[in-house]
Amino acid sequence: HAMDSKVGEVLLYYCYCEVEDPEKLCAWQKALCQHLHLTGKVRVASEGINGTVGGSKVATSLYIEAMLSQPLFKDILCQEDFKSSAGGAHCFPDLRVGVFKEIVPMGLDPKIVSYKETGIHLSPQEFHREVEQYLSQASQGQSDTILLDCRNFYESKIGHFQGCLAPDIRKFSYFPSYIDENMELFKDKRVLMYCTGGIRCERGSAYLRSKAVCREVYQLKGGIHKYLEEFPDGFYRGKLFVFDDRYAICSNEDIISACRYCGTLWDQYKLCSSQHCRQLVLTCPGCQNRGLTACCSVCQEKELKVTSRASGETLKEECECTRRRPRVPIEQVSQRTLGAGKD
């Protein structure tokens with residue numbers, strides 16, 4: 001399918017709304033995607049829907065049409081809420097539609113921290129101006145603003161806004177604890193938040209606001225996706241990580257990350273070669289050819305053990321790269337940004 005990677009597209013969207021009967025919406029959604037031969041992942045909950053689907057251009061436009069005319073989303077969801085990128089059905093292994101408690105897994109009851117208490121949404125243009133101002137003030141060491149990346153470390157590693165604070169966390173469900181543990185950092189600050197498509201900021205900003213320590217909380221409407229449509233060569237450098245088989249989409253030529261083994265500039269993820277591991281690894285072609293294909297040495301050794309073992313005994317995944325990473329990092333206030341100059 002590699003040939004048609006540019007033919008179709010992948011859509012990303014979410015909609016917060018009251019869903020009386022999530023099971024019914026789930027069934028409708030599954031039937032719609034199957035009918036249009038779309039693959040991907042859709043989460044349905046009583047608080048709304050969140051999805052990313054891939055297929056032909058005809059299929060994705062029919063999908064948007066169907067979504068916009070679905071009574072549940074009427075007047076809430078609009079054309080602009082769909083972010084698209086070149087791809088297709090081949091970007092996902094299959095179609096998964098399910099009912100969940102939250103449409104984005106933050107691990108907090110929607111009733112406790114509601115998406116209704118979000119920060120102030122900024123358009124890509126407004127966000128761009130804010131970041132511009134922040135960077136010029138930060139360079140003079142006088143900023144009262146924090147530019148916060150709400151994504152996971154493996155996402156921000158290959159692309160991020162210049163001068164951002166990118167938490168070294170593995171899952172979004174660790175984000176609330178990250179805020180709790182680093183509360184001092186946010187005291188009396190203006191916080192500019194961003195994520196891939198905007199959804200993590202909806203809950204993340206609500207959580208941060210519930211702590212009542214910040215001066216103001218802003219978020220990038222439509223996420224990095226929409227920002228890059230307007231500013232492909234703006235303050236976001238590197239690739240945009242996506243949760244499908246492409247791993248990343250590109251808008252500028254910058255490579256800001258390095259091969260795990262030799263340090264040469266490299267930003268194309270591969271899945272760790274150790275059978276039961278789900279970690280992503282940055283290993284350049286040269287190192288891959290030398291057999292360095294696992295996420296860390298523990299995994300590399302395990303892989304050799306597994307290959308030489310006849311019985312299909314499975315090993316629980318406990319990598320050094322995971323073990324060595326604190327679940328919730330505590331920031332040292334002095335060195336808290338991915339230096340605006342370094343990028």
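The questions and answers below concern a predicted model.

Student: How far apart are the end C-alpha atoms of helix 1?

Tutor: Helix 1 covers residues 22-35, which is 14 residues. At 1.5 Å a residue, the helix should span 20 Å. The model agrees with that expectation, because the end C-alpha atoms are 20 Å apart.

Student: Within what arc do the buried residues of helix 1 fall?

Tutor: The buried residues in helix 1 are Pro22, Leu25, Cys26, Gln29, Leu32 and Cys33. An α-helix has 3.6 residues a turn, so residues three or four places apart point the same way. In helix 1 the buried residues line one face, because seen down the axis they fall within an arc of 130 degrees.

Student: Which exposed residues does the face of helix 1 turned away from its buried side carry?

Tutor: On the buried side, residues of helix 1 pack against strand 1, strand 2 (39-45), strand 3 (48-55), helix 2 and strand 5 (95-99). The face turned away from that side carries the exposed residues Glu23, Lys24 and His35.

Student: Which helix supplies the largest share of the largest nonpolar core?

Tutor: The largest nonpolar core has 32 residues, and those with the most contacts inside it are Leu148, Phe175, Tyr178, Phe186 and Met193. At least two residues each come from strand 1 (8-16), strand 7 (145-149), helix 5 (175-181), helix 6 (183-186), strand 9 (190-194) and helix 7. Domain 1 (9-99) and domain 2 (120-241) each give this core at least three residues. The largest share is five residues, and it comes from helix 7.

Student: Which residues is Phe186 in contact with, leaving aside its neighbours within four places in sequence?

Tutor: Phe186 is one of the residues with the most contacts inside the largest nonpolar core. Leaving aside those neighbours, Phe186 is in contact with Ile146, Leu148, Leu165, Tyr178, Ile179, Val191, Leu208, Val213 and Cys214.

Student: Is Ala212 buried or exposed?

Tutor: Ala212 lies in the loop between helix 7 (199-210) and strand 10 (216-220). Its phi is positive, about 50 degrees, although Ala212 is not a glycine. Most residues other than glycine have a negative phi. The relative accessibility of Ala212 is 68%, and exposed means over 50%, so Ala212 counts as exposed.

Student: What is the phi of Tyr247?

Tutor: Tyr247 is found in the loop between strand 12 (240-241) and strand 13 (248-249). Tyr247 is partly exposed, with a relative accessible area of 22%. Although Tyr247 is not a glycine, its phi is positive, at about 70 degrees.

Terms used
Residues are numbered from 1 along each chain as its sequence is written. This is a predicted model: local features need pLDDT of at least 70, side-chain atom pairs count only at pLDDT 80 or more; totals for chains, interfaces and linings use all residues. Side-chain values use heavy atoms; hydrogens and water are left out. Helices (H or I, at least four residues) and strands (E, at least two) are DSSP runs, numbered from the N terminus. Buried means under 20% relative accessible area, exposed over 50%, partly exposed in between (1.4 Å probe, protein chains only). A nonpolar core is a set of buried Ala, Val, Leu, Ile, Met, Phe, Trp, Tyr and Cys residues joined through side-chain atoms within 4.5 Å. Domain bounds come from an automatic or database domain assignment. Contact means heavy atoms within 4.5 Å. The expected span of a helix is 1.5 Å times one less than its number of residues. The arc is that of the directions from the helix axis to the C-beta atoms.
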